[in-house]
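Let's take a friendly walk through this model, one kind of contact at a time. Keep the viewer open as you read.

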Amino acid sequence: MNFAAALPSRSIILGTQLVFNIGFYAVVPFIAMHMRDDLLMGSTMIGIVLGVRTFSQQGMFFFGGLLAQRWGYRRLMLAGCAVRVLGYLGLALAQTPLLLIASAALTGLGGAMFSPSMEALTAEIESRAQQQQPSTGAPRTSLFAAFAVFGELGAVAGPVLGGLLMPWGFTWVAASCAGVFVLAAAVLYGTLPPARQGQAAAAGGEALRQMAGQALRQRDFRWFALAYSSYLFSYNQLYMAVPAEIARIGAPPLALSWLFVLASVLVIGLQLPIAALCRRMTARVALVIGFAWMALAFAALLGSAVPAVPGDFAASWGSTAPVILFIIFLSLGQMFAAPVAMSLVPRFAAGRGLSVYYGLLASVGGLTVLCGNVLLGLAQDGLASMATPGNARLSWGLALLLPAASAYAMTRLRLPPDVQSGSKPLETTV
């Protein structure tokens, strides 16, 4: 069978991304609430469970990429859906810390199984579209940009679904979303052609070791993955830094929900225009701009530690303005950096083990999130009860260093030539 002809349609990929994010965001934002209010567990255990969930997904992407090459995209995506269903059912029923940790790990592992294959399929569909696009005429919207928009639509609809189900209890939320992934698996089973395999799906262990070794030995890609990893750290502060800051300034819990909606609405409304803007600049410039915005996001949080507006306004809008700016700047950085970086990975891979490269990129990000969150957590220790803003300034200042360093690194890295401009990579490296 012609593998190119066996690729799924854009609509299948985008619809799958939408459904996956609905199922994810309908559950994950409510885990901490369930553990605190229903199971009466402390913040330390909540942090451990959420940390294990993130690391088990992002940290295992590299191995998910290897499995995609061994099993093929279709089989691994279906297996990933099954594992996430087990994890959600476990979260619905777990009453002890050990079962919660195991269930959270399964939900992350399921994502590590299907996401590298999704990204690799997206890259292959985008590559085929570029090859078939006529030399004249308006350029087609980037599939990676559309992928991000559909993901954010799911990020808006998911919490709404979870909130509607929460009056019946978290058990119903988690169990219902397990059903969402069962439905997604059924759709994928019927729409992904059985012949659509990874480029070395039938490869033996030696071939997989060669693919992994090739990605790990590619010095330019290693540095790129390390520099890009601060994006995942910065994005994950929506779940760690923002709730901590909301609690510190005394804003109502509902403010957190609206901040998540703001982040999603920004991406839905601006991702495609920003993607069009990025097509008129080199990938290097777009990445530098993206990480500069992320650094500015943490700089905005520094303002929340030094309130300058007196009176009632400072106690309400004045104190929350830095957090709102953090959301806006972080979202802008995400929209510049993420689609461009995803589109560079196939050019690093040069047609060899694409899902392995995507997996390695995410695994490096997962390790950075784990280490960065530990350091940030130490800096924030006792944040809720501190009497002075000094600790907050220290923690946000430390967090700022990561995306700022990435912005500088992107000016020095050796990147693949830009497709749209045919520009040559710089000869400088870090």
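## Aromatic pairs

Searching the whole structure, which is a predicted model, turns up 16 aromatic pairs. One of them joins Phe20 and Phe114, whose ring centres are 4.2 Å apart with 40° between the planes, a tilted arrangement. Because Phe20 belongs to helix α1 (residues 10-25) and Phe114 to helix α6 (residues 97-132), this pair ties together parts that are 94 residues apart in sequence. Both rings sit on buried residues: Phe20 has 4% relative accessibility, and Phe114 has a relative accessible area of 3%.

Phe298 and Phe326 offer another geometry: their centres are 5.3 Å apart and their planes meet at 65°, so this pair is edge-to-face. Here the link runs from Phe298 in helix α13 (residues 283-304) to Phe326 in helix α14 (residues 311-349), distant parts of the chain that are 28 residues apart. Phe298 is buried at 0% relative accessibility, and Phe326 is buried too, with a relative accessible area of 0%.

Ring pairs also build a cluster. Its members are Phe221, Phe224, Tyr228, Tyr231, Tyr235, Phe291, Phe348 and Tyr357.

## The salt bridge

How many salt bridges does a search of the whole structure find? The answer is one. Arg414 pairs with Asp220, and their closest N and O atoms are 3.5 Å apart. Asp220 is in helix α10 (residues 219-236), while Arg414 is in the segment after α16 (390-412), so to speak a bridge between distant parts of the chain, 194 residues apart.

Are the two partners buried or exposed? Each falls in between: Arg414 is partly exposed, with a relative accessible area of 28%, and Asp220 is partly exposed at 22%. Asp220 is only counted this way because buried means under 20% relative accessible area.

## Helix α5 and its partners

Two packed helices are described by the angle between their axes and the distance between the axes. For helix α4 (residues 61-71) and helix α5 (residues 73-93), the axes come within 7 Å and cross at roughly 130°. That angle makes α4 oblique to α5. On the α4 side, the contact is made by Gly64, Leu67, Ala68, Gln69 and Trp71; on the α5 side, by Tyr73, Arg75, Leu76 and Ala79. Sorted by class, this contact of α4 with α5 has six nonpolar, two polar and one charged residues.

α5 also packs with helix α8 (residues 170-191), at an angle of about 170° and with the axes 8 Å apart. The two are therefore roughly antiparallel to each other. From α5, the residues in contact include Met77, Leu78, Cys81, Val85, Tyr88 and Leu89. Those from α8 include Phe170, Ala174, Ala178, Phe181, Val182 and Leu188. By class, the contact of α5 with α8 has 18 nonpolar, one polar and two charged residues.

## The chain as a whole

Stepping back, the chain has 16 helices and zero strands. Of its 430 residues, 52% count as buried.

What share of contacts between residues at least 6 apart in sequence join residues at least 24 apart? In this chain, the share is 83%. The pair of Phe20 and Phe114, 94 residues apart in sequence, and the salt bridge of Arg414 and Asp220, 194 residues apart, are links you can trace by eye.

Definitions and conventions: Residues numbered from 1 in each chain as written. Predicted model: local features only at pLDDT ≥ 70, side-chain atom pairs only at ≥ 80, totals over all residues. Heavy atoms only, no water. Axes fitted to C-alpha atoms, helices over the stretch in contact; angles between N-to-C directions. Helix = DSSP H or I, 4+ residues; strand = E, 2+ residues; numbered from the N terminus. Parallel < 35°, antiparallel > 145°, perpendicular 65-115°, else oblique. Contact = heavy atoms within 4.5 Å. Nonpolar A, V, L, I, M, F, W, Y, C, P; charged D, E, K, R; others polar. Salt bridge = Lys/Arg side-chain N within 4 Å of Asp/Glu carboxyl O. Buried < 20%, exposed > 50% of the residue type's maximum accessible area, 1.4 Å probe, protein only. Phe/Tyr/Trp six-rings, centres within 6.5 Å; stacked < 30°, edge-to-face > 60°.
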